[in-house]
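This briefing offers a guided reading for someone meeting the structure for the first time. Please keep the sequence and the 3D view side by side while going through the points below.

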Amino acid sequence: METKVAIPYDRWKILVVDDEEDVHEVTQLACDGILFEDKPIQLLNAYRAEQARQMLKTHDDVALILMDVVMETDDAGLVLVRYIRQELGNLGVQIILRTGYPGKAPERQVVRDYGISDYWEKTDLTADKLHTLVISGLRAHQKYITLLAYLKQLKEEISRREKIEREKDRLIEELKEAAAKIKRLTGLLPVCSHCKKIRDNDGKWNQLESYIYKHTEADVSNSVCPECAKKYYPDYDIYEE
């Protein structure tokens, strides 16, 4: 099933770039009343390539461009295509070239070397064909927007899962540390019945204070209990009654 996303604007903008006034008028007539995905069409008109550049800077949401090749120069349209794709970095707008001088811009070369959606001679474009090209161009633009939205969602999902994995790794490390501490404090401790030294896993005998310091987070301070104080230090009143 095809995924669709909400279009972030309320109408489809089509930029007509041509130095002939009657081309603009014919295009307007062909586009009147067209609705695509329940949204109307708004035509923007530019009569020179430079004017089109300025309009594209103002309207960054143009979906389709119907562009002449020969205007103020023989390759003004082709230069504008490269500006749109390379300098503006706009890969989503669909560009259909229309020319009355096919010999100045051979179709095979133009299609191969320029990032255009379609190429037509003006004499071959009937009103019905132009209508079809407009709908096809808008549909291609919509698919591009849908793809961008999908890629954005995919990137966000990858980022979310990476965050979960990092958190999971952190929790695992904490559990390992906790398990290691618990392991240190469990099991039978071999204690010498005379000197009270403790034998570790390597078979070495350690002073009680040293063993506690190595295997727990506790610290040891030396003192004397009341019984030992009376037995070994009877002359000192360490613990007053």
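In this predicted model, Val17 of β1 has Ala46 of β3 as its bridge partner, and the two strands run parallel, joined by six bridges. The points that follow begin with β1 and its pairing, then turn to helix α2, and end with two residues in a loop.

**Strand β1 and its partners**

- Besides its pairing with β3, which runs parallel to it over six bridges, β1 also pairs with β4 in the parallel sense, here over five bridges.
- Within the pairing of β1 and β4, the residue of β4 that serves as bridge partner of Lys13 is Val62.
- Six of the six residues of β1 are buried, and the strand is therefore largely enclosed by the rest of the structure.
- In a regular strand, side chains alternate between the two faces of the sheet.
- In β1, Trp12, Ile14 and Val16 point one way while Lys13, Leu15 and Val17 point the other way, and the residues of both groups are buried.

**Helix α2 and its two sides**

- Helix α2, which spans residues 49-58, has Ala49, Ala52, Met55 and Leu56 as buried residues.
- These four lie on the same side of α2, because they cover an arc of only 115 degrees around the axis.
- The buried residues of α2 pack against three strands and a helix, namely β1 (12-17), β3 (39-46), β4 (62-68) and α3 (76-87).
- On the face of α2 that is turned away from its buried side, the exposed residues Lys57 and Thr58 are found.

**The loop between β2 and β3**

- Glu37, which is placed in the loop between β2 (35-36) and β3, has a phi near 55 degrees, a positive value in a residue other than glycine.
- With a relative accessibility of 35%, Glu37 counts as partly exposed, since that class lies between the 20% limit for buried and the 50% limit for exposed residues.
- Asp38 is likewise located in the loop between β2 and β3, and its phi, near 65 degrees, is again a positive value in a residue other than glycine.
- Asp38 has a relative accessible area of 74% and is exposed, as the cut-off for that class is over 50%.

Technical notes:
Residues numbered from 1 in each chain as written. Predicted model: local features only at pLDDT ≥ 70, side-chain atom pairs only at ≥ 80, totals over all residues. Heavy atoms only, no water. Buried < 20%, exposed > 50% of the residue type's maximum accessible area, 1.4 Å probe, protein only. Arc of directions from axis to C-beta. Contact = heavy atoms within 4.5 Å. Pairing = 2+ DSSP bridges.
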